[in-house]
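Biologist: I'd like to learn how to read a model like this one. Could you walk me through it?
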Amino acid sequence: MSTASPASIPELTISVRELRRQPGTSKQVQTVFQAPGDLGTEVIGIPEGAAVELELLLESVLEGVLVTGTASGTARGECVRCLDEVTLPLAVTFQELHVYPERVLAAEESGDDTSDEPVVVDDAINLESAVRDAVVLALPFQPLCRDDCPGLCPECGFPLRDDPGHAHRQVDARWAALQDLLDVEQVEGK
Ligand SMILES: [Zn+2]
Ligand SMILES: [Zn+2]
């Protein structure tokens, strides 16, 4: 793969003109696009503008175009325990049938609900929602920098990974009160 900056594909639209009305034919498409702004969840996702590789098999079927694809990119987020950056390579697969508009009309006339089906528009298909759904599904709800991340010290916020033995002197609340008194006396005795 070249490292050239990814082409911006408007709304992730792929032409299927050659496949139209040619059931049984197929074509493979390999492309790189720039991630749209919301390719992920609130805690982790592929950053806007980052390169996402797309490998597609487009198959012409009677009803429309069947898309089988893989989207690969790198998600970034924050470890929920220690707030360090989490980098997660992703390769997600998806499959979706994009139906021809006249099929939708025919189905609607016979009373079928087709509102969820993606439609071939102007001999092109839009893959944004398929890619987004697949990416979001593959992302962890609670990203971790590593499975056994020990997190932060609950008392001072120190990253425990940097010092597994990190601990605070456990002082009983009653002793703490006495300690305060002693401190006061020491200060006054000066
Ligand atoms: Zn962590
Ligand atoms: Zn601490």
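Modeller: Gladly! Bear in mind that this is a predicted model. A good start is the list of secondary-structure elements: here the chain has 3 helices and 8 strands.

Biologist: In what order do the elements run from the N terminus on?

Modeller: The order is β-β-β-β-β-β-β-α-β-α-α.

Biologist: And what share of the contacts between residues at least 6 apart in sequence join residues at least 24 apart?

Modeller: For this chain the share is 61%.

Biologist: How do I read burial and surface?

Modeller: A residue counts as buried when its relative accessible area is under 20%. Of the 190 residues in the chain, 31% meet that description. The chain exposes about 12300 Å², and carbon and sulfur atoms supply 50% of that area.

Biologist: Let's turn to the metal. Which residues coordinate the zinc ion (ligand 1)?

Modeller: Four cysteines do so through their SG atoms, at 2.3 Å: Cys79, Cys82, Cys145 and Cys149. Along the chain, these donors follow the spacing C-x2-C-x62-C-x3-C.

Biologist: What geometry does the site of the zinc ion (ligand 1) have?

Modeller: For four donors, the test for tetrahedral is that all angles lie between 85 and 135 degrees. The angles among the 4 donor atoms here are 104 to 116°, so the site is tetrahedral.

Biologist: Are Cys79 and Cys82 buried or exposed?

Modeller: Cys79 counts as buried because its relative accessibility is 0%. Cys82 has a relative accessible area of 8%, so this residue is buried too.

Notes: Residues are numbered from 1 along each chain as its sequence is written. Chains are lettered from A and ligands numbered from 1 in the order in which they are written. This is a predicted model: local features need pLDDT of at least 70, side-chain atom pairs count only at pLDDT 80 or more; totals for chains, interfaces and linings use all residues. Side-chain values use heavy atoms; hydrogens and water are left out. Helices (H or I, at least four residues) and strands (E, at least two) are DSSP runs, numbered from the N terminus. Buried means under 20% relative accessible area, exposed over 50%, partly exposed in between (1.4 Å probe, protein chains only). Contact means heavy atoms within 4.5 Å. Accessible areas come from the Shrake-Rupley method with a 1.4 Å probe; for residues, only the protein chains shown count as cover. Donors are N, O and S atoms within 2.8 Å of the metal (3.2 Å for Na, K and Ca); water is not among the atoms, so sites may look incomplete. Four donors count as tetrahedral if all angles lie between 85 and 135 degrees; four count as square planar and six as octahedral if opposite donors are over 155 degrees apart and all others between 65 and 115; anything else is irregular.
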